[in-house]
Amino acid sequence: MILGYTAAQVRAAEQPLLESGPAGALMERAAFALAVRVGRLLRERRGRVRGSAVVLLVGPGNNGGDALHAGAELARRGARVLAVLTSTRAHDAGLAALVAAGGRVVTVVGEDGVPPAGAGGAEPVWLGDAIAEASACDVVLDGLLGIGARGGLRGEAAELVLLLAELLADDAPGGPAVVAVDTPSGVGVDDGAVAGPLLPADLTVTFGAAKAGLLLPPASGVVGQVEVVDLGLDLVGRTPAVARLERDDVAALWPVPGASAQKYSRGVLGVVAGTAAYPGAGVLTVSGAVRGGAGMVRYLGPPGVTAAVLSARPEVVAGEGRVQAWALGPGVDPHDRVQADRVRDVLGEALVQGLPVVVDAGGLSLLPGRVPPWVVLTPHAGELADLVSVRTDEEVGRAAVEAEPLRWARRARELTGATVLLKGPTTVVVGVHDAVYAQADGPAWLATAGSGDVLTGLLGALLAGRAADVLEDPTLAAALAAAAALVHGRAAERAQPGGPVSALAVADALPAEVAAVLDGRGAR
Ligand SMILES: NC(=O)C1=CN([C@@H]2O[C@H](COP(=O)(O)OP(=O)(O)OC[C@H]3O[C@@H](n4cnc5c(N)ncnc54)[C@H](O)[C@@H]3O)[C@@H](O)[C@H]2O)[C@@H](O)CC1
Ligand SMILES: Nc1ncnc2c1ncn2[C@@H]1O[C@H](COP(=O)(O)OP(=O)(O)O)[C@@H](O)[C@H]1O
Ligand SMILES: [K+]
């Protein structure tokens with residue numbers, strides 16, 4: 001599990017180390033680890049560190065200090081290092097170390113051609129020249145702002161990053177790798193907000209612990225690979241702001257049949273999905289459930305859809321019967337009276353009986369006022385925006401939800417009482433006690449019609465398999481939702497690595513992905 005902490009939590013945990021060690025020791029350790037990691041990157045890209053070109057983008061604080069110290073270490077190993085200062089201030093000890101190691105330091109001049117006052121002896125260069133150096137080097141280190149950032153980048157730094165990011169985005173492969181120091185500069189460290197220009201990173205080397213904002217969307221989309229440098233911080237007893245499940249965590253959550261299992265004990269999932277207008281949603285939802293490992297799936301829907309469901313998945317049993325959980329809503333047009341009433345009735349009954357339920361798509365508008373946390377909603381950003389708008393006098397649109405997914409997922413949880421899984425490039429789950437998960441496991445190819453229906457079925461199968469546990473401990477609903485998102489995302493990658501996938505192919509890849517997650521634990 002990767003745990004993400006707030007800037008305040010990290011600073012508090014660093015404090016005892018700063019007080020007990022010699023001045024600057026923690027920064028030097030962080031910077032040394034950063035230099036080692038960048039050295040490895042340079043060897044991968046250039047074959048060696050000696051003679052390679054590194055550009056440091058240096059801001060006014062300790063984040064710039066880290067970049068400067070790391071640059072000094074790389075210069076000692078023979079790299080050609082150029083530090084570009086964007087501010088009147090820069091970390092003194094870091095600057096001295098870089099200069100002593102043979103690095104060059106320049107300051108970006110403003111539009112008026114005047115170097116910022118107090119820029120010391122650094123050679124002034126035009127913004128365009130600094131950008132040309134950065135775009136032509138092997139590795140750019142983004143050390144403009146770290147956990148001290150207040151809002152997005154401003155001033156010269158913002159301009160530099162805006163133009164450089166544009167240039168690198170347009171560039172064919174072969175441009176520099178971008179390494180973010182602690183965080184990509186200017187991201188919301190606690191909430192993953194993106195306000196203003198950013199330099200998307202290939203790698204983020206973060207110090208002490210992952211910062212929450214690195215895991216949360218939209219910033220999670222620009223951090224690249226994240227590596228945590230262990231600084232020996234003691235974070236025991238501090239509740240992380242966000243968690244990201246990894247395979248082992250999912251293995252521990254997954255319902256694995258014991259030797260004496262039978263289909264009913266493994267969990268029966270009831271599905272109400274699909275209408276004459278969207279029959280495929282019924283097929284995809286049951287496919288997610290059957291391929292995801294439900295003991296049995298019962299399907300309720302119009303005759304035409306039932307026929308399609310049975311022809312695709314003969315394992316499914318049509319008609320009513322006892323179930324341990326429900327999956328409701330994919331492909332249900334709320335104007336289709338019969339199927340919509342069926343969703344309402346089943347939902348009402350499930351609430352009375354106390355059964356876990358997944359509610360997706362058309363089912364979301366059929367939800368009653370308040371529901372317990374073992375009801376899991378799985379909207380995408382547009383559906384979540386509608387849900388909030390209908391229940392409040394706030395006019396929320398899809399773009400607003402995409403800009404602040406965690407904020408709006410929390411709002412939806414407050415308004416409904418449900419556990420909320422908000423789908424997207426990074427899927428956010430908010431559950432009981434404000435537990436937050438952020439999963440980024442799927443390729444962008446997963447953004448394909450019907451893949452959400454497969455997730456609904458898969459999550460339904462999980463809830464059915466662990467229904468009694470979820471009712472006893474409702475915090476589990478969010479963990480299982482995050483687990484389903486991981487398996488769903490990885491199944492898409494497994495179905496066609498690096499290429500397009502269809503929703504049904506994602507469902508078909510689920511058994512192999514579940515087996516890989518369990519890695520032998522499923523054999524009994
Ligand atoms: N706690 C520690 O002592 C350690 C800190 N480390 C590094 O120190 C960083 C934090 O350092 P700082 O606290 O100096 O903070 P930063 O270096 O992140 O930034 C602080 C400076 O940036 C300015 N600033 C803030 N927001 C701005 C904006 N939007 N536009 C322009 N300027 C802005 C502030 O006025 C301040 O001068 C961490 O991210 C990490 O890289 C590491 O060296 C490990 C040890
Ligand atoms: N850019 C992306 N990268 C990775 N996964 C994505 C991306 N965009 C969407 N997804 C995932 O694809 C699925 C799409 O589901 P959804 O929007 O409900 O589609 P549908 O309604 O067609 O089934 C979700 O699991 C979501 O998390
Ligand atoms: K940074």
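This report describes the overall dimensions of a predicted protein model and the pairing of a group of its strands.

**Overall architecture**

The protein contains 19 helices and 20 strands. Its radius of gyration is 26 Å, close to the 24 Å that the globule rule gives for 524 residues, so the protein is as compact as a globular protein of that length. The C-alpha trace spans about 80 × 50 × 40 Å along the principal axes. Of the 524 residues, 54% are buried. Among contacts with a separation of 6 or more, 73% are between residues 24 or more positions apart.

**Strand S6 and its surroundings**

Strand S6 comprises residues 139-143, and 5 of these 5 residues are buried, so the strand is largely enclosed by the rest of the structure. Burial here follows from a count of neighbours: a residue is classed as buried if 20 or more other C-beta atoms lie within 10 Å of its own. In a regular strand the side chains alternate between the two faces of the sheet. In S6 both faces are covered: one side carries Val139, Leu141 and Gly143, the other carries Val140 and Asp142, and all of these are buried.

S6 has a parallel pairing with strand S2 (residues 53-58), made through 5 bridges. Within this pairing, Val140 of S6 is the bridge partner of Val55. S6 is also joined to S7, again in the parallel sense, by 4 bridges. There, Asp142 stands opposite Ala180 in S7. Val140 and Asp142, which lie on one side of S6, thus appear in the bridges to S2 and to S7, respectively.

**Strand S8 and its surroundings**

Strand S8 (residues 203-207) is mostly covered, with 4 of its 5 residues buried. Strand S7 (residues 177-181) runs parallel to S8 and is joined to it by 3 bridges; Val179 stands opposite Leu203 in S8. S8 is further joined to strand S10 (residues 225-229), also in parallel, by 5 bridges. In that pairing Val205 stands opposite Glu227 in S10.

**Summary of the pairings**

The table collects the parallel pairings described above.

| Strands | Sense | Bridges |
|---|---|---|
| S2 and S6 | parallel | 5 bridges |
| S6 and S7 | parallel | 4 bridges |
| S7 and S8 | parallel | 3 bridges |
| S8 and S10 | parallel | 5 bridges |

Read in sequence, the pairings lead from S2 to S6, from S6 to S7, from S7 to S8 and from S8 to S10.

Technical notes
Residues numbered from 1 in each chain as written. Chains lettered and ligands numbered in written order. Predicted model: local features only at pLDDT ≥ 70, side-chain atom pairs only at ≥ 80, totals over all residues. Helix = DSSP H or I, 4+ residues; strand = E, 2+ residues; numbered from the N terminus. Rg over C-alpha atoms; globule rule 2.2 N^0.38 Å. Buried ≥ 20, exposed ≤ 12 C-beta atoms within 10 Å, placed from the backbone. Contact = placed C-beta atoms within 7 Å. Pairing = 2+ DSSP bridges.
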